Amino acid sequence: MRARTAGTSRRTSAARAAVAAMAVLVLGLATACGGGDSGDGDKPAKPDAAADATAEANDPKDPGQVSEPPALEEQPKTVDPKVKGVGAGGGKELTETELAAAVLATGDVSTFKVDPMDGPPAQGENADDPACAPLTAMINGKPEPVASAAVYRQLLGARTGRPAISEFLTTHGTQGAVSLLSRLGDAVKACEDGFKGSGAGGSSTYSAVKRIDVPKAGDDTLAYQVTGDFEGDPVPLVFHVVRVGGTVATFYTANLEGTATPEIPSILLATQAAKLK
């Protein structure tokens, strides 16, 4: 636990509410503030993170402390041998139906369950610096170059509902997918000192961008953190991206409870790559 004064904690809670709202509206990370089960079978989870964070901000019994997210439970060491590839490794452009069959599903990784998730809204953010546009495209849930097909899922820890991770699986063709990761890598370098984004919902400030080491999966892998700056409070947003042929899997999560870099288990990337090959 990180002790804070009550006033600082209220400001932090308000900032967390702001980023929770951003996560819900832009990427639909419905349970980022605590995880949970939609309880509705195949129905998309309700986007309640913003409401939860707002309630925290208005809670008069706020103890003046913000906790770090709990440690991840132990993850599988290897990909489940029952996972079979769909043949996308040769550059095949998958249709939306084929993507839906290839995206991670409950049972592929024993420590996660998977729910459907609505796609992002039509309007998202635009970066103030064109060099940072690939980063806002990912924040928008619409990696560029524009995908010919896309599906969206939410991954929740099977036992506790934690962590909550969004995945979007997109088809770009091999040349487009290679360009996507190349442009993202360039943007991470060019925008390491931060950038601003603006859109119909207002403006956002991102104070820093940094690359994260991650085990390779598929044909190419990139991981990075974008640090949101909300009223002076840093909020880490993490993206792990893996390419198999012309298909790109993007995993996204945010730490709305502290400043530590949130984890995305590498077994998710490895299993998704195996399911695509």
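Biologist: How much accessible surface does the chain have, and what share of it belongs to carbon and sulfur atoms?

Modeller: Bear in mind that this is a predicted model. The accessible surface of the chain comes to about 12000 Å². Carbon and sulfur atoms account for 50% of that surface.

Biologist: And what percentage of the residues is buried?

Modeller: The cut-off for buried is under 20% relative accessible area. The chain has 277 residues, and the buried share comes to 50%.

Biologist: How many helices and strands are there, and which strands sit at the edges of the open sheet?

Modeller: The chain's secondary structure comes to 6 helices and 11 strands. An open sheet of 9 strands, paired antiparallel, runs in the order β3-β5-β6-β11-β10-β9-β8-β7-β4. Two of these strands pair on one side only, and those edge strands are β3 and β4.

Biologist: Let's look inside that sheet. How many bridges join β10 to β11, and what stands opposite valine 238?

Modeller: Strand β10 covers residues 233–244 and runs antiparallel to β11, with 8 bridges joining the two. The residue in β11 that stands opposite valine 238 is threonine 253.

Biologist: Which helix packs on the sheet, touching β8, β9, β10 and β11?

Modeller: The helix in question spans residues 174–190, and its direction makes about 45° with that of β9. That helix is α5.

Biologist: Which element gives the largest share of the largest nonpolar core?

Modeller: This core has 30 residues, and Leu135, Leu184, Phe195, Val209 and Tyr224 touch the most other members. Elements giving two or more residues to the core are α4, α5, β8, β9, β10 and β11. The largest share is 6 residues, and the element that supplies them is α5.

Biologist: What does phenylalanine 195 contact, beyond its neighbours within four places in sequence?

Modeller: Phenylalanine 195 is one of the core residues that touch the most other members. Its contacts outside those neighbours include Leu135, Ile139, Tyr206, Val209 and Val226. Also among them are Ala127, Asp128 and Cys132.

Biologist: How many residues does the second, separate core have?

Modeller: Leu155, Val244, Ala249 and Ile264 are included in that second core. Its size comes to 28 residues.

Biologist: On to charges. Which parts does the pair of lysine 275 and aspartate 108 tie together?

Modeller: Lysine 275 forms a salt bridge with aspartate 108, with the closest N and O atoms 2.6 Å apart. Lysine 275 lies in α6 and aspartate 108 in the loop between α3 and β3, so the pair ties together parts 167 residues apart in sequence. The parts tied together are therefore helix α6 and the α3–β3 loop.

Biologist: Is lysine 275 buried or exposed?

Modeller: Helix α6 has 8 of its 11 residues buried, so it is largely enclosed by the rest of the structure. Lysine 275 is on the list of buried residues in α6, along with Leu268 and Leu276. With a relative accessible area of 10%, lysine 275 is buried.

Biologist: Which residue forms a salt bridge with glutamate 257?

Modeller: Glutamate 257 is in the loop between β11 and α6, and its partner is in the loop between β5 and β6, so the pair ties together parts 95 residues apart in sequence. Glutamate 257 counts as buried at 14% relative accessibility, while the partner is partly exposed at 23%. The two side chains meet at 2.9 Å, N to O, and the partner is arginine 162.

Key:
Residues are numbered from 1 along each chain as its sequence is written. This is a predicted model: local features need pLDDT of at least 70, side-chain atom pairs count only at pLDDT 80 or more; totals for chains, interfaces and linings use all residues. Side-chain values use heavy atoms; hydrogens and water are left out. A salt bridge is a side-chain nitrogen of Lys or Arg within 4 Å of a carboxyl oxygen of Asp or Glu. Helices (H or I, at least four residues) and strands (E, at least two) are DSSP runs, numbered from the N terminus. Buried means under 20% relative accessible area, exposed over 50%, partly exposed in between (1.4 Å probe, protein chains only). Accessible areas come from the Shrake-Rupley method with a 1.4 Å probe; for residues, only the protein chains shown count as cover. Two strands pair if DSSP finds at least two bridges between them. Contact means heavy atoms within 4.5 Å. Axes are lines fitted to C-alpha atoms, for helices over the stretch in contact, and angles run from 0 to 180 degrees between N-to-C directions. A nonpolar core is a set of buried Ala, Val, Leu, Ile, Met, Phe, Trp, Tyr and Cys residues joined through side-chain atoms within 4.5 Å.
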